[in-house]
Amino acid sequence: SHRPSFPKQQACRLVRGFLVALTVEVRSHLQMIRIISLLALVSGVWGSWKGKTLAASNGMVGKLAPRGTMEELRALGREFNVKIPEINSTVSSNCVAGENKCVAFVVVASLLLDQKNEKKHVPAACPNFGIKDEGACRFLCGVMANLAHHRQFLENEDFNRRGYTFDMIAVVDESFSDDMIDAIHSMRVQTLRIDISIKKLLSKSMHWSSPTKWSGIFRAQLFAEVLKPGALALIEHDAVMHADVDQYITNTTMLADELDFYFDHDDMELIAMMNIDSPMNAGHWVANPSVSAVRAWIQDLAGGFSKEGGWGHAGSVVPTLTKKTKIEQDGYNIAPGKWDFLGGNRDQGLFYHIFGLQRNTYYAWGRVANIIGEHGLDEYNVHILEDFPRLDDLGLYHFTGSDRKPWANNACKIGTLMNTEESLCKYEWASRYVNVIPKVHDELVKVKNSDFMQSYCAPILMETKKHCSKVCN
């Protein structure tokens, strides 16, 4: 386990004390022993302080520490000249003080509109919202479908019996118009809109042009994914649970078990899966919201990122496999590496830096975490959770790959980048669409006064179901 990180001032006092002790005449063996003991103490303190800036040196971390207040969040925004996100919704919270644990279930989304290269003088692909790009319209459909599914899923009475109440919250940016926000509210989903000043903070630190004029969809995606830690501003909730837009959780029992495990460990502030290509998977996670975590996020964005130093100029401190081979019990070693892992310059790097390196409260789970954990990850501030449920046990369907999304054209077409007959049929990817889509469709067509949901989005999903139901017959 890690030794606590001491403030620099305390280390300096001990060093001064040691120097004074060295001037004392050694008159007996007992005095010599005392000096040697003092040397060992100073060395240990300095070793635990050098090179680390854990949040623990400035105060408590963990779920027992105060989460802070909304006024503290606003003061933080004034300090960095940004607007810290707050709930601004016509939809009321489901939580009641003094009853169940209140969990914010969040989905973070940006339409990734490439404004520099936006086509002009073409009809809107979805006239309801004036979006010209067909891909953006389909993605918006995917966002609405995800929200509809999880809002209905989280109302299951089993969660109430297990002591949990959920607020379904869409975390969005300026690409979502007021009309889109109203459509989300019509599904009884709250919204947390992240102000563009957050993106501008990162633009300034990276010496980029304004995020309103970014060049290329990749830059737009980067801006979207660094927004995920903004959900940590939901400090009036006991926990924040996240699922990506292309993830559908379907098992109530396992999800409640995951929350039980999380709340049973006071020193755990982030629980997520570790991948072979990243120390933290930011698709599905549970985290502790707090003002101090939001401050760490804002400070990282203000300080910028580099592949060598990472976030916060942390240096080569990322647990990296020295052999890019299939993960096995033997045949690889762990070494400190750079920040060029998948998502290192975005959500996954930010979460690892905030909760792993700075706060030492990140707990990783999954097959890769178990295998790597046998080699020891203490020096990287990663704790390993053994025998934790697999994603499949959570009933989590993750439709990875750009051509595999439920809202994509020919999601079950054999021969695309990720779709093979084996993956679609033997590993039952096609049946996952068939299982999930009908319920989502029924929720979408219930939304009143939304031609987008009923006439555009719902038919797209049903076409995917129709195609996927035939592909393996």
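**Group meeting: a walk through the predicted model**

Okay, so the protein chain here has 15 helices and 14 strands. Keep in mind throughout that this is a predicted model.

Let me start with the overall picture. The chain runs to 473 residues, and buried ones make up 51% of them. On the outside, the chain exposes about 22,500 Å², with carbon and sulfur atoms supplying 51% of that area. Then there's the contact pattern: take the contacts between residues at least 6 apart in sequence, and 72% of those join residues at least 24 apart.

Now, the cores. Which residues touch the most other members of the largest nonpolar core? Those are Phe176, Leu444 and Phe452, in a core of 73 residues. Helix α4, residues 134–153, gives the most to this core, with eleven residues. There's also a second, separate core, this one with 54 residues, and Trp311, Val318, Leu357 and Tyr362 are among them.

Back to Phe176 for a second. If you leave out residues up to four places away in sequence, Phe176 touches Ala109, Ser110, Leu111, Leu140, Val143, Ile181, Ile184 and Arg193. Leu140 and Val143 are on that list, and both numbers fall in the 134–153 range of α4.

Next up, a lysine. Is Lys228 buried or exposed? Lys228 comes out buried, because its relative accessible area is 6% and the cut-off for buried is under 20%. Lys228 is in the loop between α8 (217–225) and β4 (239–242). Setting aside neighbours within four places in sequence, what is Lys228 in contact with? The list is Val108, His242, Asp244, Ala282, Trp285, Asp347 and Phe351, so please have those up on the screen when you look at this loop. And here's a pair you can check by C-alpha atoms: Lys228 and Gly283 are 55 residues apart along the chain, with 9.9 Å separating them.

Then two asparagines that I'd like to show together. Asn81 has a positive phi of about 60° although it is not a glycine, and Asn360 likewise has a positive phi of about 60° without being a glycine. Both sit in loops: Asn81 between α3 (70–80) and β1 (101–109), Asn360 between α11 (347–358) and β12 (362–365). What about burial? Asn81 is exposed, because its relative accessible area is 69% and exposed means over 50%. Asn360, on the other hand, is buried, at 18%.

One in between: Phe261, which is in helix α9, residues 252–263. Phe261 has 26% relative accessibility, so it counts as partly exposed. Its C-alpha atom is 9.6 Å from that of Ile271, ten residues along the chain.

Last topic, cavities. How many cavities of 30 Å³ or more are there? The count comes to two. I'll just show the second largest, which holds about 30 Å³ of space. Its lining is Val91, Ser92, Asn94, Asp167, Met168, Arg188 and Gln190. By type, that lining divides into two nonpolar, three polar and two charged residues.

That's the tour, happy to rotate anything you want to see again.

Technical notes:
Residues are numbered from 1 along each chain as its sequence is written. This is a predicted model: local features need pLDDT of at least 70, side-chain atom pairs count only at pLDDT 80 or more; totals for chains, interfaces and linings use all residues. Side-chain values use heavy atoms; hydrogens and water are left out. A nonpolar core is a set of buried Ala, Val, Leu, Ile, Met, Phe, Trp, Tyr and Cys residues joined through side-chain atoms within 4.5 Å. Buried means under 20% relative accessible area, exposed over 50%, partly exposed in between (1.4 Å probe, protein chains only). Helices (H or I, at least four residues) and strands (E, at least two) are DSSP runs, numbered from the N terminus. Contact means heavy atoms within 4.5 Å. Accessible areas come from the Shrake-Rupley method with a 1.4 Å probe; for residues, only the protein chains shown count as cover. On a 1 Å grid over the protein atoms alone, a cavity is a set of points where a 1.4 Å probe fits but cannot get out, and a pocket is an open set with protein on both sides within 12 Å along at least five of seven lines; lining residues have an atom within 4 Å of a point. Grid points are joined across faces, edges and corners, and a volume is the space filled by probe spheres set on the points. Ala, Val, Leu, Ile, Met, Phe, Trp, Tyr, Cys and Pro count as nonpolar, Asp, Glu, Lys and Arg as charged, and the others, Gly among them, as polar.
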